[in-house]
Amino acid sequence: MSPRRTDAGGRIDRLRTIRFTFDGASYTGHAGDTLASALLANGVTLFGRSFKYHRPRGVLTSGVEEPNALVTVLRGEVREPNIAATMIEIHDGLTAVSQNRFPSLAWDVSAINQLGGKLLSAGFYYKTFMGPVFGPLKGTRFWMFCEHFIRRAAGLGRAGTAPDTARYERMNAFCDVLVVGSGPAGLMAAKAAADQGARVILAELEPHFGGSANWSGEVIDDMPGADWAARAAGQLEGHDNVRLLPRTTVWGYYDGNTLAALERVTDHKENPGKGEPRHRYWAIRAKTVVLATGSFERPLVFPGNDRPGVMLAYAGERYANEYGVLPGDRIALFTNNDSAYRAALALKKAGAAIVAIIDVRPELSSEMRKLAGEAEAEILSGHAVVATEGGKALSGLKVQRFDMVSGALTGDARSIHADCLLMSGGWSPTIHLASQAGARAEWNAARQAFLPPRPTQRWPTQQWIGAGAFTGSFSTAEAIAEGRAAGLSAAGAAGALSALPSVEAAPGDPDPAPVFEIRAKGKSFVDFQHDVTAEDVRLAHREGFVSVEHLKRYTTLGMATDQGKISNIPGLAIMAEALGKPIPEVGTTRFRPPFSAVSIGSLAAERFGDIKPERLTPMHDWHIANGATMYSAGLWYRPMIYGHAGETIEQAYVREAKATRESAGIVDVSTLGKIAVQGPDAAEFLDRVYTNMFSTLAVGKARYGLMLREDGLAFDDGTTWRLGEQDFLMTTTTANAGKVMQHLEYFLDVIWPELKVHVTSVTDEWAGAAIGGPKARPILAACVTGTAVDNAALPFMGIVRGKISGVPVMICRLSFSGEMAFEVYCGAGYGTHVWEALIEAGKPFGLVAYGLEALGTMRIEKGHVTGAEIDGRTTARDLHLDWMLSKKKPFIGSAMMDREGLIAPDRLELVGLIALDNRPLNGGAHVVEVLDEANPHDSIGHITACCYSPALGKHIALALVKGGKARHGSRAFVSDPLRNRFGPIEIVSNHFYDPDGSRMHG
Amino acid sequence: MAEYSAFSLLKNALTGNKDWKPAWRKSDPKASYDVIVIGGGGHGLSTAYYLAKEHGITNVAVLEKGWLGSGNVGRNTTAVRSNYLLPANTRFYEHSMKLWENLSHDLNYNVMFSQRGCLNLAHTPGQFDDLARRGNAMRHLGVDAELMTTAEIARLVPTLDVSGSARFPIVGGLMQRRAGTARHDAVAWGYARGADRRGVDIVENCEVTGFLRDGDRITGVSTTRGEIRAKKVALAVAGSTGRVMQLAGIETMPIESHVLQAFVTESLKPIIDTILTFGMGHFYISQSDKGGLVYGGDLDGYNSYAQRGSLPIVDEVMSEMLALFPGLARVRMLRSWGGVCDMSMDGSPIITTGPLPGMYLNCGWCYGGFKATPASGWCFAWTIAKDEPHEFNAPFTLDRFYRGLVIDDKGQGATPRLH
Amino acid sequence: MVERQSPLEPVLQAGSHGNFEHGVDIILSETQPGSIVQLAAWPGEERRLISGIRTVTGLALPDGAGGGSTDGVKSVFGFAPGKFTVVDEAEGLASAFAGVVTPAIGTVTDLSHGRTAIRIAGPKAEWVLAKFFAIDFALPAFPVGAGRSTVHHDVFAQIQRTGADQFDIYVFRSFARSFWKALCHASEEVGYEVQ
Amino acid sequence: MLITCPYCGPRDVIEFTYQGDGNRERPQPASQNLDAWNAYVYDRLNPAGDHNEIWQHSGGCRAHLRVVRNTLTHEISSTAFARGGHKSTARHKAEGKS
């Protein structure tokens, strides 16, 4: 026989039938089923294949710790691999497939790996695959050849490539008390805190609140535990200071009591609501956290413990009580503690035959004998399971007499016919979050478990209180008492006096026998998913990998998708025994986030599909409407070219640049960083910040300024306009706007707090248009009112205010293109209006709009520097900007700029290059004195920017070349092996065009 | 000790794997050594290995405060590459690359160095030019590099979003084919075994608590396992450099300790066959042989020795990952961890004699330490043995900051969190 | 007078959107104030600046960091030490302050064009804003009138609570369109109306 | 990590920018003492334990803060404005722990 649905019982809704598929076969289940319970109910026992040996595996647990029953969930083309069947709520249309098998789950060719078991021992790959020392497979080749096949064999599920159409969201939450876990302890804690008026969040990773109360069969407050839990959750729902989060896994405990949780909002729905996120990522800042996370049951390690049909005892009990599913008809139990007896009775009541309870302990309490009697089970005390039988499903097991002190097995093995074996190796409190928060777990020899430190250890930035099984208090009565105490304490209240709910529960000693492994012939699994056996642990010991971290890393124990939730302690115990040391001396792992795996989509949240905001200038829509190809510059979008039909990029920028130099061009410069520098000490501040003087600048004038970093290297440049005695408008490069702002703020706050200066980002306040070319002034004259724009009213670097088309503007005469040029600033909301007015006024003069490519071309022709040259490694001298280094005053960087390395003669200096072969140059190409195309070597520099210069009719570039200036007039070669572009060049001054500036001075 | 090979593996399998011996001895410290190497991580172990192998200096102890390899050698994303911009770095890391290429044989330990390539993506023409500058710089030093077009990249990594409609479309990339990944723990274990086989004492659970001095000169260390004297004391404790130097009375260093987080997903069938980096943020990813996607991003950005990360970086890294791979939203992050990095003031390391007589210093690895492991130990061993740097590490002095001879590959200046 | 162009123009679509069949829980609008001015006092001059604000706007600032008030036409709130944002439906606030906030008291910076004002109102306003900003929007923690400076990744925001379920958000103009789209997107699940 | 800005109250670390070791002293602007400048620009205290740091509340009020933070536990024991003058009226105190 195989598993089946019981006739009655469980918390499923038997009136609601749900249809789903697994590996292409259709099944039905009921509302309230997990994929695991529904498949079990359909008699399915084979769920997956293990990682290394591809052994057949069933379902081992009924919760988040499941190592075996991993499936891939499909939603159309979108795949979600490696999901535990125990955590999937079935819904109509659910499509799941098994994984890590070929061609099918039942017939998997890679199962042949099992034959190589001894050869594939822990760490085997470190000892081989090194290949020959000589010949074609030397070096890394042989390994890479082998690795190719290893990689294909490894891996679990297959990820999808189709873009996920679901949405993910993040939610920031604040509360007084976050309760993690909603078993009896968590429910009591939440209620106690809520009753005190605290803002409470209760997070439960399962769909239903109540934890073990939902399946323990216990009676709480005179009603079935499940009803009590439902009532308690209902009461909490009525509080407006409580937020209930079902299906929410708190997975990370970060500094400052910031916890991260994943809410699976729509995974259980066939059709999510409009705008509903699939996952919601909660970042919760809690004043206090109550950890009521319960505990995990541990498996026992014995030969064949991984056969489908072998399951944890609690899981069997839960399948029967909560899901109305019998995991088998003839069930045996194998335990080292009392908790399995309750499970036996529950399964008996649900309709199974309990064929035997095999207990490693020689003596049993009368209570346990009584429970076994009620379950009509044969007791085999002082016995152990030494083998399991069957193929892909359990058919029987073998037991032998067992001495739990010596571990010795004696007597003949007896066969027991069973289709399900439930095992219990004791319980491990779920201390992961406390461990993440920095708590050091303490070994409790009685409980045979690591417990959170008690009394609550205070980790400086984390405040949590534990309650229930998390603290090692495994009974429901204790959980209820500790839960309420924790809730009250977290809410800052004193102990309440009202009576606690009563609990009727099966008796039991919480302390297991210290037995973890039955050593007998055959593979005994410690880490089920990664196929780490007890022998692997002992091999690690023999080879000296004895510290817990070495054990993990050498054997991969605990590194699988379940992160060793149930395997860590048995593994430690086996290592401890090999070492002859107590378990705590082997150590325990510090748990790290996440508690259980978290979808990457949820972490990207609203940035999934929208990684960065778009920053748009006021004239953005005009550019688009007028055919601009946009260029992404940091977060900004800027026109690259305004291409005409059939034009290449080069043709477009050449046309734009040419037109500008011949008549006039206009470019959007709104992205330049703009900082208002205001206050009585503003001029003094600028003198300190810039290498050159600004206190001498007259009101109504602008000046080009250069900033250095503290280490004396060039930082940023731009013009700063003096709008008033105490009022400056600083401009920065687009890329450095934020950095410069921060730099200024730092000095004002930290270094020179005595200066009365305020700095404010006004980048977005102003729209900026630069209009340049021989016709620029006539165009302005044609549209500007309220001021003259002639040389007298508006000399070079002068500023005037006037109006264009009724809008107030500020005009500064400065030039980047090298032409007579003006920057026109107006309120950003008028940007398009003024821009269009300028375009209109320019029509009779042949004005063109130009983009970054033409801007770059004209600046290269002029030899101006930008971020490509001020790259964080160049000095003012390297860029021939030493004329800007004032000797009259100290400034930021002045003390450091003359260190030996910064004035060395072989530094890279800015030069111009002309291609002598009249072919295009490439950015990033290098410069060499000796051309060697086969083996390029001895680079003396590189090209920072290049273009075809319409003004010169040549392909030119700016470059940083060793000893640059001294090479003016000399020949060299461009060497670009990446693009196979080599050729002769002439090194010239960076000022290619109009070096004396007669055009811009007009 | 037995050679590792397919034959020894088979022989042992037939005898139930009962005869394997420890990979290295658990040594107790002697009273004195020729050289003490503080730090049983990758760099300390490789230093000891090359002291023994290249310079015949075997009276060496490696002191490790915890378990061997507990620092960054076991906490990184395992990338090995030599695709640097500045010649000093390129030469050094290329030397490392050459050692990597023969490391498994040299150590008789498969460190699983797999030359699956490292591809840096560019998202604007300007970035592409920057990559070209770097690639050409490499080529002029004899290091392999090639540019890739978007179409070529799409063929290499089919899961990548190469559409023009991406927020930051991919315009090309720089590929170093010889770059790759290695099994990080195996590097520590292989060097430990190799050093041990040449007579080096590896002493675990031995924390240095102070320095023994004769005037200025360092003459040994005091440890939790007693005083140990040595002619030469070498520090390879990146991540803890500040702490250990304080024990020597040196309070300030051109170093800040920062946390760098790394992440791994659940195991997946192969989908990414190279190392890939994002150009519009700080993100790098590869896939391990076990199938997990291994990836990371920026530093947390503040001084820390806590090996615990903060949440904002987690979110940042994941959103960058999905910007490249929108198909991976349903893949799940399985584990995260933090390593403490020595962030230097120019992003480049320090391998030098001094700063005190009798002391040798190896630090400042930022997040480039893993790939440097062979060359770092090789150069440090040379420096210790000969009391002067090899030409490969000659630029990596401590006084380069004072002298303005910084090696600033990223051009960020003295802001360690930006390197 | 020339109309100011809103950066939201092409994306602001009046009407109900998202999951509105079950009701609209969010109302989004652009308030388009005539003036947005930043005032900053020199250390020790905060009192004089606050009284200047009262003179010009008639609004009294409550004590404490981030304190603010609104009368529906004019609003003021503190967003940084000694610094305040003042908003008026009418234009001309900067010049009105120019005479009152003398150089001895502090500085006046006109941001009327540089910031875009977005209003989010409705019973789910706190819920939607919590998706973006890591600050506590609950009424006791963020009282009516109060202001906050915060950030959503690259987008700086000053937020003033102007009603029990109403917030005015000031973002940089260049980011406004992106932020608006994100705000609409985040409001879909609860149903929203654009006015 | 949460940093309590004296103006804005406790805020997530995402709103802050680390500006480094707060123990460094900048030489007088006109100082030609290169050792002092070098020490200021390049040398850092890097303690394992309490550290005096400068942070900017860059995603909030933009004030620079002096923060004493433990580099082993990340516990913050004090925060204050880097510039004196503006005394905090500390809303998180004024408004109580809501």
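**Note on a helix pair in chain A and the contact between chains A and B**

1. In this predicted model, helix α5 (residues 313-323) of chain A and helix α6 (residues 339-350) of chain A have axes that come within 9 Å and cross at roughly 30°. Since angles under 35 degrees count as roughly parallel, α5(A) and α6(A) are therefore roughly parallel to each other, and the crossing in which α5(A) passes α6(A) is left-handed.

2. On the side of α5(A), this contact is made by Ala313(A), Tyr314(A), Gly316(A), Glu317(A), Ala320(A) and Asn321(A), while α6(A) brings Ser339(A), Ala340(A), Arg342(A), Ala343(A), Ala346(A), Leu347(A) and Ala350(A) to it. By residue class, the contact of α5(A) with α6(A) divides into 8 nonpolar, 3 polar and 2 charged residues.

3. Turning to the two chains, 96 residues of chain A are in contact with 86 residues of chain B. The element that gives the most to the side of chain A touching chain B is helix α2 (residues 141-153) of chain A, with 6 residues. That side of chain A is made up of 39 nonpolar, 30 polar and 27 charged residues.

4. There is also strand pairing between the chains, in that strand β34 (residues 598-599) of chain A and strand β17 (residues 332-344) of chain B pair in the antiparallel sense over 2 bridges. Which residue of β17(B) is the bridge partner of Val598(A)? In the predicted model, that partner is Met333(B).

Technical notes
Residues numbered from 1 in each chain as written. Chains lettered and ligands numbered in written order. Predicted model: local features only at pLDDT ≥ 70, side-chain atom pairs only at ≥ 80, totals over all residues. Axes fitted to C-alpha atoms, helices over the stretch in contact; angles between N-to-C directions. Helix = DSSP H or I, 4+ residues; strand = E, 2+ residues; numbered from the N terminus. Parallel < 35°, antiparallel > 145°, perpendicular 65-115°, else oblique. Left-handed = near helix turned anticlockwise from the far one by under 90°. Contact = placed C-beta atoms within 7 Å. Nonpolar A, V, L, I, M, F, W, Y, C, P; charged D, E, K, R; others polar. Pairing = 2+ DSSP bridges.
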